[in-house]
Amino acid sequence: MNSEQIRDSFLNYFETKEHLKHPSSSLIPVGDPTLLLTNAGMVQFKSFFSGDETPPSKLLTTSQKCFRTSDINEVGDSTHLTFFEMLGNFSIGKYFKKEAIEYSIDYLTNILKLDIDRIYITIHDSDEESSTFWNEVGIPDDRIYKFGSEDNWWGPAGSEGPCGPCSELHYDFGLNVPHCGLDSCGPNCEVIINDNGDTCARIMELWNLVFMQFYQDQNGNRKPLPAPSVDTGMGLERLAMIMQDVKNIYETDLFMSIIKLIESNSDKIYYENESDDIAFRIVSEHMRSSTFLISDGVIPGNEGRSYVLRRILRRAIRYADKLGLNHNTLIDISKFIIENMNKWYPELKVNKDFIYSVIEQEQEKFSIVFDRGLVELENFMESNKDQDINSDLLFKLWDTYGFPVELTSEIANENNVKVDMPGFDSLMNNQKKRSRESSRFETSSSKIDEYKKIKSSHVKFVGYDQLSKKTTIVGIIHKNKFVTNLDYSSDNVEIITDSTPFYPEGGGQVGDSGIISNPNFEFEVNDTQEIFKGIITHIGKLKSGEISIGDEVMNDVDLENRQDSGRNHTATHLLHSALREILGNHVRQAGSLVEPERLRFDFSHPKALTKLEITEVENLVMNQITLNSTIKKSEDKYNEAIKRGALAFFGDKYDQTVRLIEIGESKTFSFEVCGGTHVKSTGELGQFLIVSESSIGAGLRRIEALSGRKAHEHLNNQNETINQLTETLNCSTEQLVERVSSLTKNLEIFSSQIESYKDKIILILAKELSDNSFNHDGLNIVSKVVDIEPNMLRQLSDNIQNHIENSIIILGSSSVKGPVIIVKVTKSAISKGYDARNIVKHISRKIGGRGGGKPEMAQAGGDDNNKINQIENFKSLLELEN
């Protein structure tokens with residue numbers, strides 16, 4: 001069976017067991033700030049297991065994209081991966097240990113026809129119940145091994161979440177793989193079998209059945225889950241090893257085809273040289289991982305998951321260079337991966353242009369500095385044999401040449417050289433650098449527990465159709481604590497009602513504002529948030545009266561703000577589609593902000609937009625506004641919506657059924673998955689203006705724009721400015737450009753004339769000052785405050801030196817910022833012990849300023865023009881000099 005057949009076989013089997021086939025979630029763990037990247041199949045289901053959300057089905061099955069950063073440095077051997085696919089079946093309170101065990105053996109032995117005698121089991125040492133169930137399906141006690149929590153307790157995934165004991169199925173690969181040869185060999189065998197430190201690979205973990213019984217908080221406290229559940233995970237790559245009868249994962253069809261592609265572009269052959277084999281495996285694995293990460297919206301950077309991508313991509317670039325691959329091969333590898341895996345992961349094909357663009361940019365950026373950095377590193381190791389690579393060089397390679405420190409460490413290790421990692425870490429901590437998982441991704445469940453005291457588990461949002469709604473208060477939060485009533489004016493108050501027309505912040509759109517009231521109180525809503533699925537809270541200030549749980553109230557959304565937000569949200573969709581049409585389909589939303597006053601849209605694109613491109617984008621959006629296209633709002637299953645061409649974006653978490661926004665009359669112009677509020681037709685926008693376009697990082701651009709009333713106000717302000725200009729210049733609007741152009745040309749002529757006059761003034765002034773110089777110590781001295789622009793002092797001093805060769809020249813001039821001084825000393829003066837730096841130093845003290853320079857010329861500046869005349873007292877300066 002090839003890997004695609006294996007994946008389909010697993011999912012189809014569990015569909016016959018009434019499991020809903022659920023799509024893989026993004027590698028970016030949406031809604032879970034405790035995780036850097038999705039590392040297990042159950043990550044997207046944590047809220048289902050904890051009871052915070054209702055699953056689309058209590059039985060689910062997936063093939064989940066996963067990424068684990070802990071093994072990056074190990075990739076290159078024959079066993080480790082960063083990216084992998086986790087096949088899983090999940091029961092959320094439906095079945096438990098007995099059924100999970102029965103399904104696993106049934107699938108492996110009856111569907112895949114594996115020999116049950118080659119299956120070994122490990123269980124938690126406290127889980128006798130599972131041992132009995134394994135006996136019942138044909139696993140004898142001598143193939144059931146008991147281990148402690150380190151080996152057979154799973155979770156939580158992150159700092160908090162569901163967890164429980166697990167049973168692991170291990171498969172005996174026999175004697176055809178590196179093994180210890182001991183009769184005592186069994187699961188988790190750690191016998192070292194060679195000088196490289198490799199351990200026995202005969203009996204390898206295949207499938208982990210986790211029996212979710214508890215929810216663990218960040219303090220390590222565990223409480224029982226609402227219903228015992230099952231979370232299983234089996235690596236597709238390991239199962240492919242068994243089904244394809246190969247010795248390691250890199251011999252499966254998942255990797256061998258990529259390795260063959262690399263071979264065809266290199267003069268190296270896989271399995272001819274161990275050093276080259278490592279390079280083959282690193283390039284194939286890291287390019288697969290990079291392709292998936294970029295597809296989910298990760299771009300290279302110096303923090304968090306962006307740093308992970310940069311690290312593996314640059315590692316791939318380095319080893320591609322070792323294999324002699326040309327510049328385009330990495331993109332060819334990515335294309336091959338997309339062609340072969342987009343059937344199950346269609347986002348790969350959708351985002352292919354973006355993927356290629358990011359790889360090419362990172363390759364070009366790193367290639368420019370890689371050789372120089374490598375030369376510097378190699379020169380250091382050659383010149384400093386038996387010395388560690390110091391922290392300064394590590395930091396320079398990281399900061400100047402973009403070497404991930406792990407890459408430098410890897411190169412050093414290849415040359416038997418150590419690195420000063422503690423020193424490097426110390427340097428990194430002295431400035432803002434990449435955040436670590438523990439500090440960047442954090443959350444707390446303490447406040448969540450307060451919301452769980454609310455009797456209503458679902459606040460119905462009715463704001464698509466209503467802006468006023470009679471409701472009942474079901475929860476009050478004051479200073480992060482649940483209260484039943486509040487009888488004084490206070491900030492930091494939240495009100496939860498059984499339903500609400502207030503839109504909670506989401507999809508880039510800010511939460512609604514407005515008023516909640518009845519005859520006894522008035523509450524000003526400043527923001528609306530969805531704390532977790534089903535709980536919408538109104539945040540603001542109790543302006544008057546008393547509130548209690550059970551009060552009937554009116555929820556009134558601020559109409560003007562809602563309409564303005566709706567205009568800007570629709571404008572955001574139009575802008576996104578216009579950018580994709582003008583720039584290409586590699587454009588992907590990387591973030592957005594929709595406020596009543598403006599919109600901000602971040603997107604992937606490798607370079608700044610030209611003025612023409614900006615105009616074309618504006619014109620496309622304005623064309624849709626002029627057409628007054630209807631905004632079609634509908635619902636569909638997420639998978640069906642994607643198949644129909646709807647755009648969805650990383651960073652957003654979607655339900656099985658999603659809301660769709662389609663814009664266009666005879667032809668669809670924009671089609672997106674979106675839960676935000678919109679206008680009814682594009683004509684309501686009235687106007688659209690792009691007011692700025694800028695870079696926010698490598699491969700990322702930002703546009704700020706206006707629509708509706710704010711766009712109209714902006715145009716009015718521009719018109720007012722134009723009217724003032726036409727009045728000042730005494731011309732019509734049509735003549736304005738010509739008049740300004742004429743004035744600009746005249747200004748250039750006059751500026752040229754002024755520069756000519758300045759040159760003449762300097763020549764005259766230089767002659768005059770030279771003629772009035774006085775002699776001291778055999779030198780001609782000029783020490784004078786002159787009434788010219790400070791930037792002319794250098795030219796004046798040069799001209800004076802043309803008249804008097806053996807000299808000391810001290811010139812000063814006033815400016816709006818304070819006095820400026822220049823001192824020039826000829827070689828003959830320097831030979832007598834005079835130094836322009838010393839003279840400037842003394843002048844700086846006198847004028848309360850600062851300065852510096854070289855022995856022959858120095859400058860100083862101060863803050864008080866009234867002190868400048870002191871430079872004419874040359875005798876005083878000489879006394880200080882002496």
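**Exercise 1. Find what the buried residues of helix α15 pack against, and work out which way the helix faces.**

*Solution.* Step 1: the buried residues of α15 pack against α13 (391-399) and α14 (405-414). Contact here means heavy atoms within 4.5 Å, and buried means under 20% relative accessible area, exposed over 50%, partly exposed in between (1.4 Å probe, protein chains only). Helices (H or I, at least four residues) and strands (E, at least two) are DSSP runs, numbered from the N terminus.

Before going on, note that this is a predicted model, where local features need pLDDT of at least 70 and side-chain atom pairs count only at pLDDT 80 or more, while totals for chains, interfaces and linings use all residues. Residues are numbered from 1 along each chain as its sequence is written, and side-chain values use heavy atoms, with hydrogens and water left out.

Step 2: look along α15, residues 421-429, and pick out its buried residues, G423, F424 and M428. They lie on the same side of α15 because they cover an arc of only 140° around the axis, the arc being that of the directions from the helix axis to the C-beta atoms.

Step 3: turn to the face away from the buried side, where you meet the exposed residues P422 and N429.

Step 4: check the start of α15, where a side-chain oxygen of D420 comes to within 3.0 Å of the backbone nitrogen of G423.

**Exercise 2. Place I843 and decide whether I843 is buried or exposed.**

*Solution.* Step 1: I843 sits in helix α25, residues 836-847. Step 2: its relative accessibility is 1%, so I843 counts as buried. Step 3: now try Q870, which is 27 residues from I843 in sequence and 8.2 Å from I843 in space, C-alpha to C-alpha.

**Exercise 3. Trace the open sheet of six strands.**

*Solution.* Step 1: follow the order β28-β29-β30-β31-β33-β32, with mixed pairing; two strands pair if DSSP finds at least two bridges between them. Step 2: find the edge strands, β28 (774-776) and β32 (850-853), each pairing on one side only. Step 3: zoom in on β32 and β33 (residues 857-861), which run antiparallel and are joined by four bridges. G851 stands opposite A860 in β33.

**Exercise 4. Which residues touch the most other members of the largest nonpolar core?**

*Solution.* Step 1: a nonpolar core is a set of buried Ala, Val, Leu, Ile, Met, Phe, Trp, Tyr and Cys residues joined through side-chain atoms within 4.5 Å. Step 2: among the 123 residues of the largest one, the answer is L108, W134, W207, L239, V283 and I389. Step 3: helix α12 (residues 352-383) gives the largest share of this core, twelve residues.

How values were computed: A polar contact is a pair of N or O atoms within 3.5 Å; within protein, one must be able to donate a hydrogen and the other to accept it, and residues adjacent in sequence count only if both atoms are side-chain atoms.
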